[in-house]
Amino acid sequence: MVAQVEAVGRSRRRALLQLLADGEVHSGAELAAQLGISRAAVWKTLRRAADELGLDLETQRGQGYRLHRPLELLDAARIEVALSEPARGALADIQVLEAVDSTNTRLMQAATAGAPSGSVCLAERQLAGRGRSGRGWVSPFGANIYLSILWRSPLAPAQLGGLSLACGVAAARALRDNGVVDIGLKWPNDLHWRRRKLGGLLLEVVGESQGPSHVVVGLGVNLHLSRAQAAAIDQPWADLATVLGTAMPGRNALAGALVDGLLRALMDFAAAGLDPFLEDWHRLDAYLGEPVTLHMGERRITGICAGVAADGGLVLETAEGRRTFHAGEVSLRSAPVR
Ligand code: BTN
């Protein structure tokens, strides 16, 4: 019974948000009539949604309600339509959630319960979004893209080392194809725009030492971040609204392009490893030739970025010569890692 009431509340809330999604003013009477509920119920549902989801909802006295900016809610069917034939072949299903702790956590649990390879999960918001190195990932409602893909592989986890770079290249290509000109990669797979973080990938691999394994590829891309929301981000950041302005693609089209690119990258990596991605990685390398510090726990290694090795390791020209590293956080020598 409680679950039923909650489901009705959720679908009512979604229907109201769909009606307000155009960013225009809608009167309480109009919204109430559309949903067949009272104006008081409209008010209550919207106030609650605004509080819980952090929505910027304007209540205009005597006129109605308006969202501060238009909102395109995610829709599994619209995302699937954007996929190419090969990606559709690799897809198991697409699930869109209004809220989840973390799409990665959700798919890691689903994997243990036997979910098939090619399961895709997106969320409008994450309550405990996770970034690399134990950081959180700022995940407000309806503002950005948070998606994860479960992929099963016969390979051992150790052989999947280069996969995170391949996925970084795939995401960067999708963003470039959607108009982001100055897109770059910071090792291993941060998506940068003019040295500001636009997005990132978190790959979580589980498996037997000789294989098989499964990996959850999680991707977050900032689309609209307010200063207040971004206050928790401890490095220079960017969002697509700033980068693209009015040329911003729809969220579903962009999510489709990203899922498409990642699924195809997963298939290509399964067939040929990191090799087909290396040339693009070098082209997208935002720190090539720069003096950097690699932070590995308490250790600090300084050197000049000399690209990536065939296995995906970071190559640094150090005082002791050319060395390759497989873990750590890179920062420009002048900018401390925070
Ligand atoms: C990074 O630190 O750069 C990686 C960020 C990865 C964030 C994404 S959002 C979707 C997925 N779910 C998570 O909890 N994290 C990843």
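Hi all, this is a quick walk through a ligand site, one helix pair and a few odd backbone spots.

Before I start: this is a predicted model, where local features need pLDDT of at least 70, side-chain atom pairs count only at pLDDT 80 or more, and totals for chains, interfaces and linings use all residues. Residues are numbered from 1 along each chain as its sequence is written, and side-chain values use heavy atoms, with hydrogens and water left out.

So, the ligand. It has 20 residues around it, counting any with a heavy atom within 4 Å. The closest are Ser102, Gln126, Arg130, Arg132 and Lys197. Now some polar contacts, meaning pairs of N or O atoms within 3.5 Å. The side chain of Gln126 puts an N or O atom 2.9 Å from a ligand nitrogen. Arg130 uses a polar backbone atom, 2.7 Å from a nitrogen of the ligand. With Arg132, a backbone N or O atom sits 2.7 Å from a ligand oxygen. And how much of the ligand does the protein bury? Of the 410 Å² the ligand exposes when taken alone, 99%; that's Shrake-Rupley area with a 1.4 Å probe.

Next, the backbone spots. Trp187 to Pro188 is a cis peptide bond, omega near 0°. Gly211 and Pro212 are also joined by a cis bond, with omega about 0°. Then there's Ser133: not a glycine, yet its phi is positive, about 55°.

Last, helices α7 (residues 163-177) and α10 (residues 251-272), DSSP runs of H or I with at least four residues. Their axes, lines fitted to C-alpha atoms over the stretch in contact, with angles from 0 to 180 degrees between N-to-C directions, come within 8 Å and cross at roughly 145°.

Technical notes: Helix = DSSP H or I, 4+ residues; strand = E, 2+ residues; numbered from the N terminus. Polar contact = N/O pair within 3.5 Å; in protein donor to acceptor, adjacent residues only side chain to side chain.
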